[in-house]
Amino acid sequence: MSSLYSRKDLSSRSRKSLSDSPPSSPSPSTKSFRQDRASRSDSSGVESPSDRLSARTGTYTRRENRLASLSKTDDNSASKDYKKLYEDALAENEKLKSRLDDSKLELTKIRSQLDRVAQKQDRISERSTVFESEKREKEALEKKVSDMEEELKVLTELKSDNQRLKDENGALIRVISKLSK
């Protein structure tokens, strides 16, 4: 029941809004009718109820005819316009879909390039890290070698000192043995 009421309400509103709007271009017969009506009201000063009734019915009839013709042309042009608009929208959607697909492909290419560059940088950083660690190891080994060389020098000195002391000890033993005889 409420939907029936709302439909009636909507149709009466649309009729009121259409009937309230002024005609786009009055026909010559409408102009002459208005002039006759204006001259009758000017000459007699008072319109008769039958004149008002016939004027209203004539106005309503003309308005309904005009609205009917407008709605027919609107229906034909609207259906054609909607079909064209729909086709245009479909074409635009297809264009946008193809552009989106192209953009997705380009995005995947760029991502793969970015991944490759990141991997290269990782390799380079790993290499530099390895290089730095190898450099530290090399420096540590060089330090060890230099320390060992110094120890070797000290060791050779100690060996030579030891040999000298052994020789002196042997000489002292011979001297003591000659003195003890």
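**Entry 1: Arg136 and Glu132**

I began with Arg136 and found that its side chain forms a salt bridge with Glu132, the closest N and O atoms lying 3.7 Å apart. I kept in mind while reading this distance that the model is a predicted one. I then asked where the two partners sit along the chain, and they turn out to be in helix 3, where Arg136 and Glu132 are separated by about one helical turn because they are four residues apart. Next I looked up how much of each residue is open to the surroundings: Arg136 has a relative accessible area of 54% and is therefore exposed, since exposed means over 50%. Glu132 stands at 42% relative accessibility, so I wrote it down as partly exposed.

**Entry 2: Lys84 and Asp88**

I turned to another salt bridge, the one between Asp88 and Lys84, in which the closest N and O atoms are 3.9 Å apart. A salt bridge is counted here when these atoms lie within 4 Å, so I noted that the 3.9 Å of Asp88 and Lys84 meets that cut-off. Both residues belong to helix 3, and I recorded their spacing as four residues, about one turn of the helix. Which of the two is exposed, and which is partly exposed? Lys84 is exposed, because its relative accessible area is 51%, whereas Asp88, at 40% relative accessibility, counts as partly exposed.

**Entry 3: Arg164, Glu168 and a shared network**

I looked up Arg164 and saw that its side chain meets that of Glu168 in a salt bridge, with 3.2 Å from N to O. Once more I was in helix 3, with Arg164 and Glu168 placed four residues apart, about one turn of the helix. Arg164 has 43% relative accessibility and so counts as partly exposed, and Glu168, at 39%, is likewise partly exposed. What I had not yet noted is that salt bridges with shared partners join Asp161, Arg164 and Glu168 into one network. A search of the whole structure gave me four salt bridges.

**Entry 4: charge and nonpolar side chains on the surface**

I next asked which residues gather in a patch of negative charge on the surface. The patch consists of Asp147, Glu149, Glu150 and Glu151. I checked Glu151 in particular and found it in helix 3, where its relative accessible area of 56% is the reason why I list Glu151 as exposed.

I also found a nonpolar surface patch, made by Leu152, Val154, Leu155 and Leu158, with an area of about 370 Å². Of these residues I followed up Leu155, which is found in helix 3, the element that covers residues 49–180. Leu155 counts as partly exposed because its relative accessibility is 42%.

**Entry 5: the chain as a whole**

I finished by stepping back to the chain, and asked how many helices and strands there are. I counted three helices and zero strands, and from the N terminus on I wrote the order of the elements as α-α-α. What share of the residues counts as buried? The chain has 181 residues, and 2% of them count as buried; for this I needed the cut-off, which is under 20% relative accessible area. The surface that the chain exposes comes to about 16500 Å², and I noted that carbon and sulfur atoms supply 56% of it.

Notes. Residues are numbered from 1 along each chain as its sequence is written. This is a predicted model: local features need pLDDT of at least 70, side-chain atom pairs count only at pLDDT 80 or more; totals for chains, interfaces and linings use all residues. Side-chain values use heavy atoms; hydrogens and water are left out. Patches are made of residues with over 30% relative accessible area and no salt bridge: like charges are joined within 9 Å, nonpolar side chains (Val, Leu, Ile, Met, Phe, Trp, Tyr) within 5 Å. Accessible areas come from the Shrake-Rupley method with a 1.4 Å probe; for residues, only the protein chains shown count as cover. Helices (H or I, at least four residues) and strands (E, at least two) are DSSP runs, numbered from the N terminus. Buried means under 20% relative accessible area, exposed over 50%, partly exposed in between (1.4 Å probe, protein chains only). Lys and Arg count as positive and Asp and Glu as negative; His and the chain ends are not counted. The place of a charge is taken as NZ of Lys, CZ of Arg, CG of Asp or CD of Glu.
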